[in-house]
Each structure stands twice: as C-alpha cells, then as structure tokens.
Amino acid sequence: MQVVEKLQSGSKSKRDGWRSELPREGLGGAVIEKLKQEKSNDVVWQGKCSGTVYIGGSESEGHFSLINEACSMFAHTNPLHLDVFQTVAQCEAEVVAMTAALLGSKNKSSGGEICGNMTSGGTESILLAVKSSRDYMKAKKGIKRPEMIIPESAHSAYDKAAQYFNIKLRRVPVNKNFQADVKAIRQQFNKNTVLIVGSAPGFPHGIIDPIEELGELAYSYGICFHVDLCLGGFVLPFARKLGYPIPPFDFSVKGVTSISADVHKYGLAPKGTSVVLYRNHDIRKHQFVAVTEWSGGLYVSPTIAGSRPGGLIAGAWAALMALGLEGYLENTKAIMEVSKRIQKGIKEIPELFIIGRPDMTIVAFGSNDLDIFEVNDIMSSKGWHLNALQRPNSIHICITLQHAPVFEDFLRDLKESVQTVKENPGPINGGLAPIYGAAGKIPDRGMVQELLVNYMDMEEIARFVLSYDAWANCQLHQGVIEMVKFHFHADVETKGSQVGI
C-alpha cells in the first residue's frame, strides 16, 4: 500500500475542487472560457513528450486547425445511422482502403481481398484481431482451448485480449537483438495454438521483429499471424520509399493474416482513430457479432462499441487527404532524421547505451553506470515526459514532429541530467526511481500486478465516485466501470456498418 500511496501522492492535490454534481444554473457560452481556464493548468507538452502528440506546430493553427474543423463539422454524426450519415460511412471506407493500400493490398501476393474496419485505437484493433483469429481457428480447426504466443516486447493489449477472450497466453523472451525469437516461439507451438504476433516496430525499443520468418512459421502451421503496425503503419511505407533499409512487414509477407495500424499516431489524425485489416473476408467475418433474437430487432456489429463519433472518422479522412503521399514522405524524412541525430547524441554520452538497433523513431537507452530511472526523474524535473521500461531497465523517447525543433534541447538536458546523477547519485525528492527500481526487483509479479490494480482502483474511486451512493454502485459494477473507462478508453463501435474494400 505504501507503493500505491506514493504513486497516488502526485495526483491527490489535483483532484481538490473537482465538481461532483451539476451546477444549479448552466454556464452557457461561458463554459468555453471555463475550459480555457482549466486547460491552462495542463502541463506543457509541446515538444516535451515521448509520443503522445504526433502533429507538429501549434494546436491553434495548421494541421491541428484543419482536423479540428473537420471533426466539428461532423461532431453530431454517428455511423450507427448509415442511412442518415452517408458521408461518414464513405469517409470510413476510404480511410480503410487508403491504409490498406499503404500496407500491401495492391500487391498481388496479398490475395486481393484485404478488408477491415476503423476502430478507436490500437488496443481495440488488437483486441478485434485476436478475437477474430480465435474464432477463425475454432471454425477452421475446431480449437476450443485457444493459446497465443507473443514475444515479451509485444504490446500489453495482447494480455488484455487474453483476459477478455479466455485465451492462454505464452510469452517468449526476445533474442539478443531484442527481436521476437522465432526458434523460441516455434518451441511453444502445440495443437491449441491459434495465433502468433510480431511488431513493426515494437513499442519498447523501436525494433522490427523478423516478420518474414514469423510469417513462414505461421503459414507452415496453418495458424494466424498478427502484425502490430500501430506505430509503424504510417512511417514504414514512406521510410521504405525514402530508401531506408526497412525489412518486409505488411501483407506482401506470406502468412500475415491481420494488421493493426493507428491513424491517430503518425497518420496525424485525431485521437481515437485506428484501423484493423485482414487478409480476407473469411477471417474478418469472425470479428462481427450478430444477434437475431433481440426484441429490439436484428443486430449486427463489426467492432466493440455501439455508437461512434463520426467527427473522428471525418477528421481521420481529412488528415489523410490533406497530407497525401508527398506530405507523409516529408514528415517521415523529418522524424527519421531527428531519430538518427538523437541516436548519435546519446552515443556521445559515455554513461549511456542504446538498446539494440532502432529501426524507426523510438530510441531506448539504458546505463551500466547510473540508475537510469534517476536520470529519468531529473529529465522529468526539466519538463520532459519519457517512457520508463524494464528488462532491461531503460527509458525511451518516441520521436514525433513536435521534437524536430527541440531535439538539441533534449540532448543537452539529457547530458546535464546524466552528469547530475553521476555527481549526486540517489533518488530526488518526489521522484519515481525508487518505485520503478523496487517494482522491477520484486520476484512475485502477481504482487506487482495487485499493486497496479489497487492503484487504478483507488484512482477510479477518487476520480469518479464522490458520494457514498455512487461508491456503493462502483463496488457493484466496478468491473464494468474499469472496462469502459480504462481498458477501452472510450473505444467505439459501429452497428450495421461493414466497412470493406
């Protein structure tokens, strides 16, 4: 509980004064000024965050302004009502088609049947791909006790999918290059295996797994193979065109059965937009849920949620159309160059080392001489928001267009932070280095899991439950609240809408 209290200590004061009921009189138009006032208390994120915001420039102009206008034009729409909001349905189909074209749908080896749907984010795309693979393999091979095999670098969304869909998860260590270990994965195969996973690139270290070898393995065993392109989907196709040595990663690879790609990352679309793709309709149809006995009528739904915000779909369409091929090539060139410069700068700091050989725009680094989490705490005190990793202990920066103007500031602050820790080792007051370090050393991972759940649970009560009656209700429906608010992050779905190509 001390760890939980430590994690919470930074956010308790921020919750003081949060409203717990409706105002007696509405604010009307003044609510905009209220929002501006509240927003001014947010941290400065421009150029300071790992990933998070992928669009460059100011949020009040340029591409920000464009997608905001597109979203506002369709803020009232819901693709649930296809007969009414036909423009949104068209936008969704075209976003899926354009994304598929980037990821091999035009290649003859893809089979010419690539299809898919828009989702609310990478997690939902992965969940749907796992669910579809499970049900497809049950229909194809009669597998009733499904298992999937993932490298330990694979996204935590697969753990979530395993819990949601009752699939046994086999996690395999990565090889010395921090890639999926094909041999080790093969050794985990059995009659219940329905799916293996590869990433291009993996979130922790920005390294592309051996997709071709994994594809051959999956094809030879007749099972599904999902490629996580949530980060790389709107970078790797353009990096390859620019001449970077990018290994095969898409539907041109034999054996790949599904792909997830986030439009709201390097696609520069509004948050809450991703795409899940399948090699053919036989696999994709297992994503759908059809209900025939409901008194409300016949129901069919392709994704997880019911109603969806059509404004996000329109915003994603606007982003792709506004940038076009040349725009994405220009952006990719910029961020790939910044990535190389940051890698060079880190290599020039003798106390640090880069993990593996980054293929894209994520650079992970650790230290054999210092506590890297103490370095991270110093960087945090300078306003930087980086990602703390484990196995090995390290931190990474996910480079976006926001970093292009400030990467030299990042390298200067990093060098100074390393020097500070070198001269004054030990945790700083209020820093999280002791927590990260202790959590990594606890051999009972179930205990660590319980700590995380307790932390989230207490945050839930503090954030959303401010009366006894509501608290009691939370106890009754806590699982539902956690699922909706934090596992799906307000993920969304469409009813009666089958978006294909």
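## Exercises on a predicted model

T52 is partly exposed, with a relative accessible area of 43%. Keep that residue in mind for the first exercise, and remember throughout that this is a predicted model.

**Exercise 1. Work out where T52 and L268 sit, what their phi angles look like, and whether each is buried or exposed or in between.**

Solution. Start with T52. Its place is the loop that links helix 2 (31-39) to helix 3 (62-73). Now check the backbone: phi comes out near 70°, which is positive even though the residue is not a glycine. For accessibility, the partly exposed class runs between 20% and 50%, and T52 has 43%, so partly exposed is the label.

Next, L268. You'll find this one in the loop between strand 6 (258-262) and strand 7 (274-278). Here too phi is positive in a non-glycine residue, at about 60°. The relative accessible area of L268 is 5%, so this residue counts as buried.

**Exercise 2. Find the strand order of the sheet that contains strand 13, then say which strands stand at its edges.**

Solution. First, lay out the four strands: the order is 10-11-13-12, the pairing is antiparallel and the sheet is open. Strand 10 (353-354) and strand 12 (387-389) each have a single partner strand, so each has one side with no neighbour in the sheet, and these two are the edges.

Then zoom in on one pair. Strand 12 and strand 13 (residues 394-398) run antiparallel and are joined by three bridges. Pick N387 and look across to strand 13: its bridge partner there is H396. Now follow the chain through the loop between these two strands, where P392 is found. The peptide bond from R391 to P392 is cis, with omega at about 0°.

For a second cis case, go to P201: the bond joining A200 to P201 has omega near -5°. P201 lies in the loop between strand 4 (193-199) and helix 8 (211-221).

**Exercise 3. Which helices lie across strands of this sheet, and at what angles do they run?**

Solution. Take helix 11 (residues 310-347) to begin with. This helix lies across strand 10, strand 11 (362-366) and strand 13, and runs at about 10° to strand 11. Helix 12 lies across strand 11, strand 12 and strand 13, with an angle of about 40° to strand 13.

Now look inside helix 12, which spans residues 372-381 and holds E374. The relative accessibility of E374 is 11%, so it falls in the buried class. Where does the E374 side chain reach? It gets to the backbone nitrogen of G426, at 2.9 Å.

**Exercise 4. Describe the surroundings of Y158.**

Solution. Locate it first: Y158 belongs to helix 6 (residues 157-164). Its relative accessible area is 0%, so Y158 is buried. Leaving out residues up to four places away in sequence, Y158 touches I126, V130, M148, I150, V197, H226 and D228. Take I126 as one of them: it is 32 residues away along the chain, yet the two C-alpha atoms are separated by 7.0 Å.

**Exercise 5. Decide where to be careful with this model, using pLDDT.**

Solution. Begin with the overall picture: the average pLDDT is 87, and 83% of the residues score at least 70. Then look for the weak stretch. Over residues 463-501, pLDDT stays under 50. The model does have 96 contacts beyond four places in sequence for that stretch, but read them alongside the pLDDT there, which is under 50.

Notes:
Residues are numbered from 1 along each chain as its sequence is written. This is a predicted model: local features need pLDDT of at least 70, side-chain atom pairs count only at pLDDT 80 or more; totals for chains, interfaces and linings use all residues. Side-chain values use heavy atoms; hydrogens and water are left out. pLDDT is the predictor's confidence in each residue, from 0 to 100. Contact means heavy atoms within 4.5 Å. Buried means under 20% relative accessible area, exposed over 50%, partly exposed in between (1.4 Å probe, protein chains only). A polar contact is a pair of N or O atoms within 3.5 Å; within protein, one must be able to donate a hydrogen and the other to accept it, and residues adjacent in sequence count only if both atoms are side-chain atoms. Two strands pair if DSSP finds at least two bridges between them. Axes are lines fitted to C-alpha atoms, for helices over the stretch in contact, and angles run from 0 to 180 degrees between N-to-C directions.
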